[in-house]
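I sat down with this one today and kept notes as I went. Feel free to follow along with the model open beside you.

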Amino acid sequence: MPQSKKIKKMKTLLKFMVLALFVNTATAQFTQEPLPYAYDALEPNIDAQTMEIHFTKHHAGYVKKLNAALIALGKENETDILAILNNITSYNTAVRNNAGGHYNHTLFWNILTPEKGTQLSAALAADINATFGDYDTFKAEFVKAAATRFGSGWAWLIVTPDNKLAITSTPNQDNPLMSDAPVKGTPILGIDVWEHAYYLKFQNKRGDYLQSVWEVINWNQVSALYAKTK
Ligand code: MN3
């Protein structure tokens, strides 16, 4: 092989190596955990088509766009979603919306279950009674917060920094972990009230969706998050 051809070959190889290195560094890190149940597992409360679109299009889209937004900022090595949320005002809107979207949906999938008869722990039940009066009042206040959230957003049960339970709601993909949240705290329950969460089955009847989704909440998991947070 002539010398010039050898050099050309080496140059091409080098180009590929540099490209591979670049592609490797610019692959951001956030990924979707698998859904902990089948798309149709929450039927009839949440229909299979809604679950599938919600998981594979909406949530997947937030993850993809979060990674792209971090790469665009040269922050593709950031791997801690909580650190990002806690410092959200130092990022742009793309990171805000998509980091929120990723965190919120990951929580949402995990506090739902097809399992019947999950239970509030004694400690969480006692705190709910002490904070809201009784369980029915708690449910009514939560559903009201979710129903009256104007436009797209979320309703939350949180543990505040002073260790108290509180109900709050946020617009868009914001959440109470964000540094500029009006009511701050760690979510132990979050319900998605974006129309994409219910419109196929419930159309404009958000109230019917809220009653329905309430029946598939995993109270064991909410109680475990409460125990971990308190
Ligand atoms: Mn959603």
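Below are my entries, in the order I looked things up.

**Entry 1: the metal site**

First a reminder to myself: this is a predicted model. I began with the manganese ion and asked which residues coordinate it. I found His-54, His-105 and His-196, each through NE2, and Asp-192 through OD, at 2.0 to 2.1 Å. Written along the sequence, the spacing of these donor residues is H-x50-H-x86-D-x3-H. I then checked where two of the donors sit: His-105 is in helix 4 (residues 93–110) and Asp-192 is in strand 3 (residues 186–192), so this pair ties together parts that lie 87 residues apart in sequence. Buried or exposed, I wondered about His-105 and Asp-192? Both are buried.

**Entry 2: the sheet**

Next I traced the strands. They make an open sheet of 3 strands in the order 2-1-3, with antiparallel pairing. Strand 2 and strand 3 are the edge strands, each pairing on one side only. On average, neighbouring strands here are turned by 25 degrees against each other, direction ignored.

How many bridges join strand 1 to strand 2? I noted 7, and the two strands run antiparallel. Within that pairing, Leu-157 has Ile-167 in strand 2 as its bridge partner. Strand 1 and strand 3 are also antiparallel, over 6 bridges. There I picked out Ile-158, which stands opposite Pro-187 in strand 3.

Then I looked at what packs on the sheet. Helix 6 does, touching strand 1, strand 2 and strand 3, and its direction makes about 145 degrees with that of strand 1. Helix 9 also packs on the sheet and touches strand 1, strand 2 and strand 3; its direction makes about 150 degrees with that of strand 3. As for strand 2, 5 of its 7 residues are buried, so it is largely enclosed by the rest of the structure.

**Entry 3: the cores**

I moved on to the nonpolar side chains. In soluble globular proteins, such side chains tend to be buried together. The largest nonpolar core here has 43 residues, and Leu-112, Leu-189 and Ile-191 have the most contacts inside it. Strand 1 (residues 153–159) gives the most to this core, with 6 residues. Apart from it lies another core of 15 residues, among them Val-63, Leu-70, Ile-84 and Ala-99.

I followed Leu-112 a little further. Leaving aside neighbours within four places in sequence, I listed its contacts as Tyr-37, Leu-42, Ile-46, Val-213, Val-216, Ile-217 and Asn-218.

Val-213 took me to helix 8 (residues 206–214), whose buried residues are Arg-206, Tyr-209, Leu-210, Ser-212, Val-213 and Trp-214. What covers them includes helix 4, helix 6 (135–148), strand 3, helix 7 (199–202) and helix 9 (219–229).

**Entry 4: two buried aspartates**

Asp-174 caught my eye in the loop between strand 2 (165–171) and strand 3. With a relative accessible area of 13%, Asp-174 is under the 20% cut-off, so it counts as buried. Which side chain makes a polar contact with that of Asp-174? I found Arg-96, at 3.0 Å. Beyond four places in sequence, Asp-174 is in contact with Arg-96, Asn-104, Trp-154 and Trp-156.

Asp-127 is in helix 5 (residues 122–132). At 14% relative accessibility, Asp-127 counts as buried too. Not counting residues up to four places away, Asp-127 touches Leu-165, Tyr-226 and Lys-230. I also noted Lys-164, 37 residues away along the chain: its C-alpha atom and that of Asp-127 are separated by 8.4 Å.

**Entry 5: backbone oddities**

Last, I checked the backbone. Most residues other than glycine have a negative phi, and most peptide bonds are trans.

- Asn-163 has a positive phi of about 70 degrees although it is not a glycine. It sits in the hairpin of strand 1 and strand 2, which has 5 residues between the strands, and at 37% relative accessibility Asn-163 is partly exposed.
- Asn-172 has a positive phi near 55 degrees. I placed Asn-172 in the loop between strand 2 and strand 3, partly exposed at 41% relative accessibility.
- The peptide bond from Glu-43 to Pro-44 is cis, with omega near 0 degrees. Pro-44 is in the loop between helix 1 (3–25) and helix 2 (48–72).

Terms used
Residues are numbered from 1 along each chain as its sequence is written. This is a predicted model: local features need pLDDT of at least 70, side-chain atom pairs count only at pLDDT 80 or more; totals for chains, interfaces and linings use all residues. Side-chain values use heavy atoms; hydrogens and water are left out. Donors are N, O and S atoms within 2.8 Å of the metal (3.2 Å for Na, K and Ca); water is not among the atoms, so sites may look incomplete. Helices (H or I, at least four residues) and strands (E, at least two) are DSSP runs, numbered from the N terminus. Buried means under 20% relative accessible area, exposed over 50%, partly exposed in between (1.4 Å probe, protein chains only). A nonpolar core is a set of buried Ala, Val, Leu, Ile, Met, Phe, Trp, Tyr and Cys residues joined through side-chain atoms within 4.5 Å. Contact means heavy atoms within 4.5 Å. A polar contact is a pair of N or O atoms within 3.5 Å; within protein, one must be able to donate a hydrogen and the other to accept it, and residues adjacent in sequence count only if both atoms are side-chain atoms. Two strands pair if DSSP finds at least two bridges between them. Axes are lines fitted to C-alpha atoms, for helices over the stretch in contact, and angles run from 0 to 180 degrees between N-to-C directions.
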